[in-house]
Amino acid sequence: MRFSEAWLREWVDPPLDTQALADQLSLSGLEVDAVEPAAPAFTGVVVGHVQAVAPHPDAEKLRVCQVDTGDGEPVGIVCGAANVAAGQRVPVATVGARLPGDFKIKRAKLRGVESHGMICSAAELGLAESADGIMVLPGDAPVGEDLRAWMALDDHCIELDLTPDRADCLSVAGVARDVGVLNRVDVRAPSISPVPPAIEAALPVELAAPAACPRYLCRVVRGVDASAPTPLWMQERLRRSGVRPLSIAVDVTNYVLLELGQPMHAFDLARIDGGIQVRMAQEGEALSLLNGETATLRVDTLVIADAKKALALAGVMGGADSAVGSDTRDILLESAFFAPAAVAGKARSYGLHTDSSHRFERGVDPTGCAGAMERATALLLAVAGGEPGPVVEAAAEDQLPAPRQIQLRRRRIGQVLGLGLEDAAVEDILDRLGVALTATEDGWRATPPAGRFDLQLEVDLIAELGRVHGYDRIPVTHARSAATTRAPLEMAYDAARSRRLLLDRGWFEAVTYSFVSPELQRLVDPQVEPLALANPLSAELSVMRTSLWPGLLHALRQNLARQQSRVRLFEAGLRFRPDGDALHQEPMLAGVAVGPVLPEQWSASTRDTDFFDVKADVEALLRAAGCADAVSCLPAVHPALHPGQCARLERDGASVGWLGAIHPSLAAALDLPVTVQLFELATDTLGGAPRPAFTALSKFPSIRRDLAIVVDAGVPFEAVRATVRAAAGDLLRDLVLFDVYVGEKIDSGRKSMALGLILQDVSQTLTDDDVAAVVDRVLAALRRDAGAELRA
């Protein structure tokens, strides 16, 4: 939000200089992003009157002008602008003047003719980026008056970086209200009176989508001079607010938007067939927009239409076919309230972002439509003339935001803010903010203004009290009771330790958005319908993630696009999984890796990261959490993972995570290598491991027996290990898989596994018979449970 300080001070004028005002706004939560002069420094520029224009005797494109600068005799000035004409009031840089860029004006001869100054364009004065000719001032500009003083250019442009919840401050009126309450100064809003209709002309309005547009106002104005120039004062306020003046109809609607925060639009009445329909678009319906593009509409898009065609993208941009031109004589003004949920994300989905969509997405005061209509009508009639018809309003009262009543407790204010505010101070602050109060036994019943969508709860009102009172004025208090600390559970999952472990193993931590693209979410986790945001930042960030993988894969793509061939990223965060009306927020730890196992070096050959490299890192995480022995790694199927390189991690029969290579179709859709490896763990399932306990070391030697068994190719080592441990009993100290072989002398569909059994007793030295008995039990169990055969 950018606005002129002088414009703001017409509404409210606190006893603060510019810097103090900017600091106050920032401290109150309306962060000031920039304070810039309204015009660059220049001196010696006055209002001149062009009395005569003659061609230059030796230059076809130059003209010799006689200009009255208020110093007596007219001076001769050579000018090359094609639009200079006798009778004009123009800015004249007199001899000795200094223009932006420290350009000094001197007496000069141009092709033999003396020139005593320069007639300036807006660009030469720093008031525009470019100009086609000299700047022509209004006919009543006082000749000889200092231009800077007459145009009040010693002004500042203040730019606010507002948070999305403060849409009420996207106008001079909204900022003025906040400045007024911060300084306890009354706000002087311009008087807005109803403009009586002079004609009966009106268009009927049909609300075919009342939930998306519960209020729509329009008004016919006939006999308008659409070519009338916009007054300089309005042009300047628009320019200082970062809006380029275009034409009187457009400038008036933009002016009202900046002043009151209500977006408006003007249609050429002659190009409208029948009445106005506010409806959803038809699938594939085409609309030529004001920016020259043609949008192919979807059925979820709200449009303003007539009996035959769509006229505008509601709350976003008007259509070119109904735009007001210089030959327009009759205008239809529009002022409406569009529900934020109906407009949110629509502009971005069509590659657009406008001042109107920016406001409607965040919420516009639903009660402000009529006032904006009257204000725009009065401004338009004052400049372009015309005869207004009656205001036509269509409203679905049951669809409009209902007034919210919030119970504000006196005791709660003190508990939250840490200070007691007098009742009079509370009532003064909230009254100035437009909050209606009714006293109750323990406080007040408050009704926030319709345009404050951010005031929903009691704590919101208390936050406003603290903000206006001044956070810096809240006294520091210390707890009067002893602080207590609780040691963390010894065997609880330690998130910080897991982060450090991954960092030590060469991973980098990433932090991604909790909201992701619905398309990417659908590719990664198609079986879960994600929670859609009511007011997303953009269409690409419009659903809550059900997995951490979408954000990590997006980050991986960004890194690969920037020539990072070896990427290892992990993230610890929440995933959001809907379950009926409930939303489960589950802490997760996930990672994505691609590229060489080791950074490029001379001592090791290059090899791409594979399933087992990432599995080793996951096992290290499980060991750090104390639950490595309790978690099994089993073959499974996941839509985002390769069907032959996918494992589900289970603990006590419940899934605790996934591990595997990216699915080839997902890799192709995202333009990623098929060697990408992924893992994800539900960290709230990793704690609760048995407490470590000391076990005396055996005094007796251990014995190793190696077995080579042949099993079906689909039998996982996890099943073999479980069988061996159960059969060997307490004598088994360790089990090592030291070889897997498939090939010659092994039947098709079978594989050989070489196992090392480490046996040891705590009370005696094992004999050959003891060891043989264990080995026999293991082999028998493997034959029974895994269909194993001892390899010859």
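These are my notebook entries on what I looked up in this structure, which is a predicted model.

**Entry 1: aromatic pairs**

I began with the rings. How many aromatic pairs does a search of the whole structure find? The search turns up six.

I picked out Phe 338 and Phe 360, which make an edge-to-face pair. Their ring centres are 4.9 Å apart, and the planes meet at 70°. Planes over 60 degrees apart count as edge-to-face, so 70° earns that label.

Then I checked where these two rings come from. Phe 338 sits in the loop between β21 (331–337) and α7 (340–343), while Phe 360 belongs to helix α9 (residues 355–362). The pair therefore ties together parts that are 22 residues apart in sequence.

Are these two rings buried or exposed? Phe 338 has 1% relative accessibility and counts as buried. Phe 360 is buried too, with a relative accessible area of 2%.

Next I looked at Trp 507 and Phe 679, another edge-to-face pair. Here I noted 5.6 Å from centre to centre and 80° between the planes. Trp 507 is in the loop between α14 (495–504) and β27 (508–509), and Phe 679 is in strand β35 (residues 677–682). This pair ties together parts that are 172 residues apart in sequence. I looked up burial again: Trp 507 counts as buried at 1% relative accessibility, and Phe 679 counts as buried at 1% as well.

I also wrote down a cluster. Trp 7, Trp 233 and Tyr 255 form one aromatic cluster.

**Entry 2: arginines over rings**

Which ring does Arg 148 lie over? I found Arg 148 over the face of Phe 42, at 4.8 Å from the ring centre. I noted a similar arrangement for Arg 410, which lies over the face of Trp 444 at 5.1 Å from the ring centre.

**Entry 3: a sheet and its helices**

I moved on to an open sheet of four strands. I read the strand order as β37-β38-β36-β39, and the pairing is antiparallel. Which strands are at the edges? They are β37 (732–741) and β39 (789–790), each of which pairs on one side only.

Inside the sheet, I followed β36 (residues 703–712) and β38 (residues 750–759), which pair in the antiparallel sense over 10 bridges. As a landmark I marked Ala 708, which stands opposite Ala 754 in β38.

Two helices go with this sheet. Helix α19 (residues 717–728) lies across β36, β37 and β38, and runs at about 145° to β37. Helix α20 (residues 768–786) packs on the sheet and touches β36, β38 and β39. The direction of α20 makes about 15° with that of β36.

**Entry 4: two helix crossings**

I looked at how α2 (residues 18–27) packs with α4 (residues 172–183). The angle is about 95°, and the axes are 11 Å apart. Angles of 65 to 115 degrees count as roughly perpendicular, so α2 and α4 get that description. On the α2 side, the contact is made by Leu 21, Gln 24 and Leu 25. On the α4 side I listed Val 175, Val 179, Leu 182 and Asn 183.

At what angle do α12 (residues 423–432) and α13 (residues 458–469) pack? I noted about 95°, with axes 10 Å apart. These two are therefore roughly perpendicular to each other. Val 426, Ile 429 and Leu 430 of α12 make the contact with Leu 461, Leu 465, Val 468 and His 469 of α13.

**Entry 5: a hairpin**

Strands β32 (residues 631–635) and β33 (residues 641–651) pair in the antiparallel sense over five bridges. A hairpin joins β32 to β33 through five residues. I marked Ser 632 here, since I wanted a reference point: it stands opposite Glu 650 in β33.

**Entry 6: positive phi**

Last, I checked backbone angles. Most residues other than glycine have a negative phi. Asp 652, although not a glycine, has a positive phi of about 55°. Where is Asp 652 found? I located Asp 652 in the loop between β33 and β34 (654–662). Asp 652 counts as exposed, at 75% relative accessibility.

Lys 745 is not a glycine either, but has a positive phi of about 70°. I found Lys 745 in the loop between β37 and β38. With 79% relative accessibility, Lys 745 counts as exposed.

Definitions and conventions. Residues numbered from 1 in each chain as written. Predicted model: local features only at pLDDT ≥ 70, side-chain atom pairs only at ≥ 80, totals over all residues. Heavy atoms only, no water. Phe/Tyr/Trp six-rings, centres within 6.5 Å; stacked < 30°, edge-to-face > 60°. Buried < 20%, exposed > 50% of the residue type's maximum accessible area, 1.4 Å probe, protein only. Lys NZ or Arg CZ within 6 Å of the ring centre and 35° of its normal. Pairing = 2+ DSSP bridges. Contact = heavy atoms within 4.5 Å. Axes fitted to C-alpha atoms, helices over the stretch in contact; angles between N-to-C directions. Parallel < 35°, antiparallel > 145°, perpendicular 65-115°, else oblique.
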